[in-house]
Amino acid sequence: MTAPSSTPPITNPQVLALLRQKARKRAVLIVVALLFAALVMALPVIAIFARAFQEGFEVYSANITTPDTLHAIWLTVLTALIVLPINLIYGIAVSWAIVHYRFPGRRALQIIIELPFSISPIVAGLCYLLIYGATGVVGSWLDGWDIQLMFNLFGIVLVSLFVTCPFVARELIPLMEISGQDQEEAALTLGATGWQTFRHVTLPKIKWALLYGAILANARVIGEFGAVSVVSGNIRGETMTLPLQVQLLYNDYNATGAFAAATVLTVIAVITLVLRSTIEARHPHEHA
Amino acid sequence: MTHLDAAPPRTFLSPFRLKRHVMPGFSLTLGTSLLFVCLIILLPLSGLFWQMSQLGLADYWRIISSERTLASFRVTISAAAFATLFNAVFGLLLAYVLVRYKFPGKRLLDALVDLPFALPTAVAGIALVALYDKNGWMGTLLSAVGLKVAYTWWGIVLAMMFTSVPFGVRTVQPVLESLKPDAEEAARTLGARDWQVFRHIVFPQVWPSFITGASLAFARSLGEFGAVIFIAGNMPFKTEIASLLIMIRLEEYDYPAASAIAGTILLIALFVLVAANIAQSRATRHLHKGSS
Amino acid sequence: MRKTLLAAVGAAFLFTAPASASDNAPKEILNVSYDIARELYAAINPKFQAYWKDKTGQDIDIKQSHAGSSKQARAIMQGLKADIVTFNQVLDVQVLADRGGFVSKSWQQDLPNNASPYFSLPAFLVREGNPKGIKDWSDLVRDDVKLVFPNPKTSGNARYTYLAAYAYALEQNGGDDAKAREFVGKLLSNVAVFDTGGRGATTSFVEREIGDVLITFEAEVENIRAKYGEDEYQRVVPSISLLAEFPVALVKKVAEKRGSVDVSKAYLDYLYSEEAQEIIASFNNRVHNETVKAKYAENFPEVRLIRVEDVFGSWDKANKTHFAEGGVLDQVFTGN
């Protein structure tokens, strides 16, 4: 704090006026940015909590602990738990393949893995119904074996995978490209197996990016609405994920319950943001 | 797991391999990736195009050019364009403020920008309705000046804006961060004013990423469903978005029509992304040519 | 890595392995139903469980799924494993019979009263004191009246409303089709918000305070009053309305596979029992059981009900002329 006082104070009135003007401009820009953020982003979150607690904490906790809402929370967590490892394995595999090898169709693969981001969730859900539904090509064949893919946990997991699969790869690929493969090659020359090389050389390099991608993907899995609403059978207490439960309660004349369920999702979102910015602050250059 | 090593990918692809790879795990990683990509991405998407191909060109045209469909495209595209425009401007402002200034609450603001990504769209939808309908905090305020947001076209714009804010900020931010100050300082020494510096020095360098951000935001807005249906009035011809029309066609058992509309929206989104990609690489090339 | 990978994939499949047909006595059945019947079936289910336990000694769990009834029918065709359907649309059950034989062709004859244990009619809900003086369908086309009802394209509920208004206009104008079209065109232009389902419309009218009149089933009208205060809203029953049957059926294709035919049939029969009819009537649906009817007579004002078949030929015909793409509904909309 001694640094500013060591510089001689500015006394020239023209320079002072200029500085003041600059400070004013700066203040205006900051205030406009903050206002925009507050109005567009912060206010809705506040509204959710205000509405959820409007009738007191007791009503809120009663709403959160109804069996259907609890089941929705459980189903959402379960879905996230299943989707996460698959996403990690796929993300690592596809990044490894794209970064370390040149093969025909590599560019196409790069485009394809980004595709789910530009597809409307509703359209994604529709695609799944068309293929994996009981009248779809794959679905009707599986139906003959008594295997049902849509309107149950399986369907929810599948569409969740679809909407979130780009996250991990998108973090890993740029990072792995920058860091190159010299260290891996060195390890291999020294006689390490492929798995050892990955475990002890690559993984430490990419772990933060991996975590970062996983957190983003996870947040999306938990919050997915459009795609899941197409393939969930709307069976109460069975195939309702938390976002669907929010809509259901809202339509059930139970706005307070809907907002109470929404607070759970909001808290998860906030935790996601905190984790994200913590990783970013601590390891700024270890992810893309 | 040994069977995976002997799985088709290696034998199938090995003739194409130009040199022996140093890095191990080629067949394992590529095999896993291809399996996943086929089952999770390509197969479902092929379903959509297969369903579309069942339609003749004439039928496709009839569905797409029906007044209701056109109206829903008009509503969706105009709202998405408006939201994108708004977000691009404010996104740039937010990014600029975040990169150039230090102020209390900066970390919070930075984190807040990603909120729309993290917050489920359905939650965003009911939150916006709670805020902007007649009895909401904003709604009462706005209705005092005679503005109606909820259940109008503006409501759609608002929902799209909310869900696509991060695109505008996050694509521009890293570029702003990497700008070297010398050009700006030189311009200032030569007597350029702040606005001129921004207009002639900063903005041209940010422009490519600005386009990317805007196109991503636009593509996202086109497909947004969860947040919009709560706050749009869902009136055919007025506030009915294309995604809702897809849902409606589905519920009428009209799969071909649903697929036709879905496919068209998908193509528009892809077209915008590709066009932006081209525009961006052109702008980048131009930039480098100009600066060298 | 490989072991973990295997384990992870294995676990994922274990978790998601779909339950295939199990032992003979089913433990649960799934009732796939329309949007606004949640509370009704939530009240019936425990009674039926007790009745079934009493009768057979078996425990049965009844799962419910509610959404727009067309959406539900589509989901069943796509593989949603429903044992029974309880819809608000004859058409949506018929489609299950026509496509893929989920429901028997003769489903309407399998149970009494066209397989409809109860019925209702489109009626109006207005705000306290009926400030706009709404009495009949003709008041709904006035310029100063704003309406709320769901989208006829997606909601069975709204299809009844639309057809009832059309039938009313036909009768007023001596069967003049052009006049009737003009009438429903005006009616639609007065709609303030088009939700996709009955519940959404109710929320718009009650929670968001949009519009002067909510048009929905009489049962729902009364349920809203019970929930939100009898004094704040009033029911208006128009001079004529449309008979809205609530058809139920066994999804035999699924039930046979799951071995739940007996309990599912028993459930449907139970809906006609006095006990169930009483619950149904207490939710303000009109029923056929004479004892219950007499008991709740004062809740249900006399109204002349017309059948879809009498005015429009058949549901199928009404659907083709009015609701199909490019039909009358699309035409009058475009006219605005």
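## Chain C against chain A

In this predicted model, chain C and chain A touch through 37 residues of chain C and 32 residues of chain A. About 3100 Å² is buried between chain C and chain A, and carbon and sulfur atoms account for 59% of that area.

Charged and polar pairs also cross this interface. There are 3 salt bridges between chain C and chain A. The side chains of C:K63 and A:E238 form a salt bridge, with 3.6 Å from N to O. Residue pairs in polar contact across the interface of chain C and chain A, both at pLDDT 80 or more, number 6. On the side of chain C that touches chain A, the elements giving two or more residues are α1 (2-16), β1 (28-33), α2 (38-56), β2 (61-66), α3 (69-77), α9 (198-206) and α10 (218-228) of chain C. The largest share of that side, 6 residues, is from α1(C).

## Chain B against chain A

The contact between chain B and chain A involves 82 residues from chain B and 82 residues from chain A. The buried area here is about 7000 Å², with 83% of it from carbon and sulfur atoms. Which three residues supply more than any other three of the area that chain B buries against chain A? They are B:M23, B:F36 and B:I126, which supply 9% of that area.

Between chain B and chain A there are 2 salt bridges. A:R276 and B:D114 meet through their side chains in a salt bridge of 2.8 Å, N to O. Side chains of opposite charge can pair when their charged atoms come close. The polar contacts between chain B and chain A come to 10 residue pairs, both residues at pLDDT 80 or more. Helix α3 (residues 26-53) of chain B gives 19 residues to the side of chain B that touches chain A, the largest share.

## Inside chain A

The domain assignment splits chain A into domain 1 (3-50) and domain 2 (56-282). Taken over C-alpha atoms, the centres of domain 1 of chain A and domain 2 of chain A are 39 Å apart. In an unreviewed entry, UniProt gives the feature "domain: ABC transmembrane type-1" at residues 73-276 of chain A. Residues 73-276 of chain A are 78% helix and 0% strand, and the end C-alpha atoms of this span lie 22 Å apart.

The unreviewed UniProt entry also lists "transmembrane region" at residues 27-53, 73-99, 111-135, 147-169, 209-235 and 255-275 of chain A. One of these spans, residues 111-135 of chain A, is 64% helix and 0% strand, with 30 Å between the end C-alpha atoms. Residues 209-235 of chain A are 78% helix and 0% strand, and their end C-alpha atoms are 37 Å apart.

## Confidence in chain A

Chain A has a mean pLDDT of 86, and 95% of its residues reach 70 or more. Which elements of chain A have the lowest and the highest mean pLDDT? Helix α1 (residues 3-6) of chain A has the lowest, 50, and helix α8 (residues 153-164) of chain A has the highest, 94.

Over residues 1-5 of chain A, pLDDT stays under 50, and the model has 0 contacts for them beyond four places in sequence. Where pLDDT is low, the predicted coordinates should not be read in detail.

## The two domains of chain C

Chain C is assigned domain 1 (25-119 + 245-299) and domain 2 (122-242 + 303-334). The centres of domain 1 of chain C and domain 2 of chain C are separated by 26 Å, taken over C-alpha atoms. In the contact between them, 18 residues of domain 1 of chain C meet 21 residues of domain 2 of chain C. About 1700 Å² is buried between these domains of chain C, 46% of it from carbon and sulfur atoms.

The two domains of chain C share 2 salt bridges. The side chains of C:R286 and C:E218 form a salt bridge at 2.6 Å, N to O. Across the interface of domain 1 of chain C and domain 2 of chain C there are 6 residue pairs in polar contact, both at pLDDT 80 or more. On the domain 1 side of this interface, α2 and α4 (90-98) of chain C each supply at least two residues.

## Salt bridges over all chains

Over all chains the count is 37 salt bridges. The side chains of B:R68 and B:E240 form a salt bridge, with 2.8 Å from N to O. This pair links distant parts of the chain, 172 residues apart. B:R68 lies in helix α5 (residues 67-100) of chain B, and B:E240 lies in the loop between α13 (226-231) and α14 (242-251) of chain B.

Notes. Residues are numbered from 1 along each chain as its sequence is written. Chains are lettered from A and ligands numbered from 1 in the order in which they are written. Side-chain values use heavy atoms; hydrogens and water are left out. UniProt positions are given in the numbering used here, feature names are shortened, and annotations may be inferred rather than shown by experiment. Helices (H or I, at least four residues) and strands (E, at least two) are DSSP runs, numbered from the N terminus. pLDDT is the predictor's confidence in each residue, from 0 to 100. Contact means heavy atoms within 4.5 Å. Domain bounds come from an automatic or database domain assignment. Buried area is the accessible area (1.4 Å probe) that two parts lose on being put together, summed over both. A salt bridge is a side-chain nitrogen of Lys or Arg within 4 Å of a carboxyl oxygen of Asp or Glu. A polar contact is a pair of N or O atoms within 3.5 Å; within protein, one must be able to donate a hydrogen and the other to accept it, and residues adjacent in sequence count only if both atoms are side-chain atoms.
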